[in-house]
Each structure stands twice: as structure tokens, then as C-alpha cells.
Amino acid sequence: MEKASKAIRRSGVRLKSLGGGHTDLNLIISELKDVRQAAKAFMQAQSTAAQDMLKWSGSDDNRAVQDIISQLAELNCLWTEVQKEFTESLKDYKYQFEIILEGEKHVDQARNHLIACEQRENKF
């Protein structure tokens with residue numbers, strides 16, 4: 001099911017960019033969006049698992065297990081902060097590609113305007 005939805009999503013991006021071109025840039029932007037969403041979901045799943053382990057260890061009488069799980073929970077908090085920074089960096093990274101795409105669109109407009117001007121010049 002995942003492969004099918006990925007193929008449909010990529011095809012949608014390609015269809016969307018048919019008129020304006022720059023299919024590859026649009027695919028990159030789309031994939032970076034998906035990477036960011038997946039990273040956030042991964043981070044959330046890890047945090048939930050760590051919280052569940054902490055809850056489980058609290059009900060256990062084994063002090064060693066409680067100690068290890070509390071240390072793992074602390075480690076998970078640090079890891080979560082790093083992952084948050086990573087997802088923010090991905091957001092900035094994706095934005096840079098959006099800026100590149102906007103610049104490419106402006107270059108295309110200028111190129112088309114130049115061609116139109118050259119055609120009018122040739123008519124004169």
C-alpha cells in the first residue's frame with residue numbers, strides 16, 4: 001500500500017508541474033516534505049515508546065529495571081531534542097529548494113519575454 005501511495009503522490013507532483021515544468025524540483029520539494037513528516041512521526045513514536053517503558057518500569061518492583069528505563073528516558077529526551085533540530089533544519093532545507101524553484105520560474109518568464117521581444121523585433 002505504501003508503494004502505491006508513493007507512486008500516486010509522485011505522479012500527482014509530475015502532473016501538477018506539467019504546465020510549469022521543473023518536475024524534478026517539485027519532486028524534491030515533495031519528498032523533503034514527506035521526509036520531514038516521517039521524521040516527526042518517528043520522533044513521536046520513539047517518545048511514546050519511551051513513555052510507555054517508563055510507565056511500565058514504575059509498576060515493576062525491580063530497581064535495576066527502573067534505573068535503566070529512567071536513564072533510557074533521559075537519553076530519549078536528548079535524542080528528541082536533536083531530532084527536533086533536525087526537522088527544523090529540514091524545513092529550512094526545503095525552503096531553500098522552494099526559493100530555487102521560484103527563481104527558476106522567474107528565469108523562465110524572463111526567457112519567454114526575451115523570445116517574445118526577439119520575435120517582435122524580427123517582424124519589424
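These are my notebook entries on cysteines, a surface patch and one serine in a predicted model.

**Entry on cysteines.** I began with the sulfur chemistry and searched the whole structure for disulfides, and the search returned zero. For my own reference, a disulfide is a covalent bond between the sulfur atoms of two cysteines. I then looked up the accessibility of two cysteines, and found Cys 77 at 47% relative accessibility, which makes Cys 77 partly exposed, while Cys 117 has a relative accessible area of 31% and is likewise partly exposed. Cys 77 is not counted as exposed because 47% does not pass the 50% limit for that class.

**Entry on the nonpolar patch.** Next I looked for nonpolar side chains grouped on the surface, and noted a patch formed by Met 53, Ile 68, Leu 72, Leu 75 and Leu 78, whose accessible area together comes to about 480 Å². Helix H3, which covers residues 63-123, gives the most to this patch, with four residues. Met 53, by contrast, lies in helix H2, residues 23-59, and with a relative accessible area of 36% I recorded Met 53 as partly exposed.

**Entry on Ser 57.** Staying with helix H2, I turned to Ser 57, which is placed in that helix. Is Ser 57 buried or exposed? I found 2% relative accessibility for Ser 57, so the residue counts as buried, since the limit for that class is under 20%. When I set aside the neighbours within four places in sequence, Ser 57 was in contact with Val 65, Gln 66 and Ile 69.

Technical notes:
Residues numbered from 1 in each chain as written. Predicted model: local features only at pLDDT ≥ 70, side-chain atom pairs only at ≥ 80, totals over all residues. Heavy atoms only, no water. Disulfide = S-S within 2.5 Å. Buried < 20%, exposed > 50% of the residue type's maximum accessible area, 1.4 Å probe, protein only. Patch = residues over 30% accessible without salt bridge, like charges linked within 9 Å, V, L, I, M, F, W, Y side chains within 5 Å. Areas by Shrake-Rupley, 256 points an atom, 1.4 Å probe, with all protein chains shown as cover. Salt bridge = Lys/Arg side-chain N within 4 Å of Asp/Glu carboxyl O. Helix = DSSP H or I, 4+ residues; strand = E, 2+ residues; numbered from the N terminus. Contact = heavy atoms within 4.5 Å.
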